[in-house]
Number of protein chains: 2
Amino acid sequence: MSDLETRQLRYFVAVAEELHFGRAAERLAMAQPPLSRAIRDLERQLGVDLFVRTTRQVALTPAGETLLIDARVALDAVAAASQRARRAARPEQSLRLACKADFDGGLLAPILAAYDTTPVELLLTGPWDLVPALHDGRADVALLATAFDDPTLDSEALLTEPRMVALPAADPLAARTTLRLADLTGRRLPNGSGAETGNLAPPPPGSPAMRDLSQIFNLVETGSLLWFLPAWVARQFPRPHIAYRLVEDLPPATLAVAWPAASRSPAVAALVRAAVRVAKDAVADEPHVSQALA
Amino acid sequence: MSDLETRQLRYFVAVAEELHFGRAAERLAMAQPPLSRAIRDLERQLGVDLFVRTTRQVALTPAGETLLIDARVALDAVAAASQRARRAARPEQSLRLACKADFDGGLLAPILAAYDTTPVELLLTGPWDLVPALHDGRADVALLATAFDDPTLDSEALLTEPRMVALPAADPLAARTTLRLADLTGRRLPNGSGAETGNLAPPPPGSPAMRDLSQIFNLVETGSLLWFLPAWVARQFPRPHIAYRLVEDLPPATLAVAWPAASRSPAVAALVRAAVRVAKDAVADEPHVSQALA
DNA sequence: TTGATTGATACTCTCGAAGTATGAGTGACC
DNA sequence: GGTCACTCATACTTCGAGAGTATCAATCAA
């Protein structure tokens with residue numbers, strides 16, 4: 001009946017994600033027995049079984065599944081509370097803009113130039129971390145490729161452009177002006193099919209960290225990788241030995257600004273307006289490439 | 001740097017709401033010194049002053065103000081997590097519908113009749129508790145008079161009708177067909193001006209608990225109180241010694257269904273559809289009184 | 001059958017949170 | 001202006017929840 005503590009939720013999330021008490025305990029930097037007890041106590045307290053354990057396997061019950069979702073939300077809310085309180089105390093109210101490096105479509109600089117209301121602090125992260133950063137208060141606003149449906153976030157589309165594939169300039173396929181996914185079968189493609197727009201899932205744990213575009217471009221140039229990217233990124237990085245070709249059957253990608261729907265910050269609103277204005281101008285300058293959404 | 005515990009947030013909210021360590025401690029059923037220490041430790045942990053204390057007065061700093069908002073959200077999220085986990089374990093998935101008693105506009109019964117997908121559990125509360133109930137997981141969906149702007153809730157309007165005043169039938173004003181607020185000056189009005197639509201604030205602590213309409217009607221009949229109410233409520237409770245008269249300069253009231261925007265429950269969606277359908281039918285039956293919003 | 005793996009139990013210990021007693025600063029009132 | 005009431009902070013003590021260690025028990029694989 002009594003309230004849950006965030007500690008209990010953190011423990012639960014760790015176990016629910018690892019599905020293994022030992023590894024979860026390790027991740028939490030604690031011993032396994034107290035973790036087992038904490039979970040047992042949590043289940044007693046809720047009056048609900050969260051895991052089905054055999055001595056060899058741990059699985060989530062339906063109640064556990066729903067708690068995992070809600071617990072993440074709650075932990076984010078707690079983190080956001082402390083983050084924002086810390087920040088509110090600082091007199092220089094800088095706006096924190098999260099963005100995946102190199103994926104801003106060349107809009108970042110003009111947006112910042114157009115927005116001089118408050119100092120802007122940049123948070124450059126992997127694309128999968130942009131939405132969490134908005135949730136837990138690390139960022140006030142983010143620039144991202146939309147592939148999300150999150151009622152707690154509002155967003156405004158800036159650009160919608162087709163997706164392209166980066167090829168070695170010498171590749172036979174580079175002779176064509178447009179390609180289809182079927183033309184690429186057998187090539188080494190990034191993460192799965194590359195059909196996903198936003199790359200919102202974290203990278204597979206052991207995967208080589210492809211930090212920035214220059215690494216990727218090197219791999220593409222040597223022919224050891226194909227890479228999908230929105231047209232606005234391709235436009236921004238012309239490279240002599242790389243050809244960008246439109247992929248007809250990939251859905252177009254949309255670049256958007258997003259912010260917590262609960263945000264009442266005038267600074268955020270101003271930055272969003274600046275971003276929309278800059279995007280419109282950019283589209284007006286290059287009507288042959290870009291297509292605006294209001 | 002380490003994570004906040006909900007205990008700390010509960011303590012903080014208590015002090016922030018009472019602005020008095022002694023009373024807050026009493027409310028938390030604990031002694032005052034540990035509470036003072038806990039708040040001090042919280043401030044140290046955040047590296048931020050939350051309160052300005054003199055020995056005679058306690059006030060929130062700007063950081064404290066923002067933390068109060070975020071802490072309430074976070075505590076609600078934690079409560080919702082535990083509520084929903086508890087409920088997910090129950091095999092009979094009943095939908096919980098929150099509603100202020102007697103304010104359903106006669107729609108409650110037909111809605112429940114039209115919606116036979118899942119058993120419905122009714123949660124009857126004061127109007128100020130409907131939105132919190134949606135937030136903390138006590139209810140899945142609510143029927144309420146809209147006067148809220150909450151990005152975490154979605155809603156669908158059912159009825160929009162003018163607001164009326166309940167008078168003794170013998171009152172001279174009852175001779176008129178419509179009134180204006182100015183006609184009522186000097187009378188004893190409910191909570192402030194009665195101009196507020198939704199009554200989303202909790203009642204003043206010491207106020208007589210006007211639990212249900214029959215009590216109110218008694219007071220109105222004896223001429224000791226005037227009462228404002230939406231037309232749909234007046235229509236539902238014809239009483240011989242009470243006259244309802246339209247108040248021209250009160251904004252109309254809207255009855256709506258609302259639910260957490262994050263809800264993906266098909267049961268909620270089905271109930272909302274049923275409610276909208278029932279409301280439409282009701283409006284069609286009484287076109288002279290009601291005015292639908294799509 | 002045996003060994004490896006993995007979660008649960010028993011027991012102990014420690015640190016942090018709560019209580020009590022008291023101090024100290026501030027405003028009110030005579 | 002001195003005294004009192006009020007209120008938050010500090011000092012010290014107590015106690016229990018949570019963490020650690022050692023070990024058991026159950027399951028699966030060979």
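Modeller: Contact here means heavy atoms within 4.5 Å, and by that rule the contact takes 33 residues from chain B and 33 from chain A. The model is a predicted one, in which local features need pLDDT of at least 70, side-chain atom pairs count only at pLDDT 80 or more, and totals for chains, interfaces and linings use all residues, while side-chain values use heavy atoms, with hydrogens and water left out. Residues are numbered from 1 along each chain as its sequence is written, and chains are lettered from A and ligands numbered from 1 in the order in which they are written.

Colleague: How do you know how much area is buried between chain B and chain A?

Modeller: The size of an interface is often given as the accessible area lost when the parts come together. Buried area is the accessible area, taken with a 1.4 Å probe, that two parts lose on being put together, summed over both; for chain B and chain A the value is about 2,700 Å², with 61% of it given by carbon and sulfur atoms.

Colleague: Why is the pair B:D3 and A:R10 called a salt bridge?

Modeller: The term asks for a side-chain nitrogen of Lys or Arg within 4 Å of a carboxyl oxygen of Asp or Glu. In this pair the closest N and O atoms are 3.6 Å apart, so the distance meets the 4 Å rule. The count between the two chains is 6 salt bridges.

Colleague: Which elements make up the side of chain B that touches chain A?

Modeller: Helices are DSSP runs of H or I with at least four residues, strands are runs of E with at least two, and both are numbered from the N terminus. The elements giving two or more residues to this side are α1 (6–18), α3 (32–46) and α4 (62–89) of chain B, and the largest share, 17 residues, comes from α4(B).

Colleague: What makes you say that the two copies are related as by a two-fold axis?

Modeller: Two copies of a chain are related by a rotation about an axis and a shift along it. The copies are superposed by least squares on the C-alpha atoms of residues with pLDDT of at least 70 in both, and a rotation of 180 degrees with 0.1 Å of shift along its axis places chain B on chain A with an RMSD of 0.1 Å. The two copies are thus related as by a two-fold rotation axis. Moreover, 100% of the interface residues of chain B are also interface residues in chain A, so the copies meet through the same surface.

Colleague: Which residues are closest to DNA strand D?

Modeller: A residue is near a strand if one of its heavy atoms lies within 4 Å of it. For DNA strand D, 22 residues surround the strand, and the closest are A:R7, A:Y11, A:A31, B:R53 and B:R56.

Colleague: What makes A:R7 and DNA strand D a polar contact?

Modeller: A polar contact is a pair of N or O atoms within 3.5 Å; within protein, one must be able to donate a hydrogen and the other to accept it, and residues adjacent in sequence count only if both atoms are side-chain atoms. A side-chain N or O atom of A:R7 is 2.4 Å from a phosphate oxygen of DNA strand D, so the pair meets the 3.5 Å rule. For B:R53 the corresponding side-chain distance is 2.5 Å.

Colleague: Where does the largest share of the surface near DNA strand C come from?

Modeller: The largest share there, 5 residues, comes from α3(A). A:S36 has a side-chain N or O atom 2.8 Å from a phosphate oxygen of DNA strand C, and for A:R53 a polar side-chain atom lies 2.6 Å from a phosphate oxygen of that strand.
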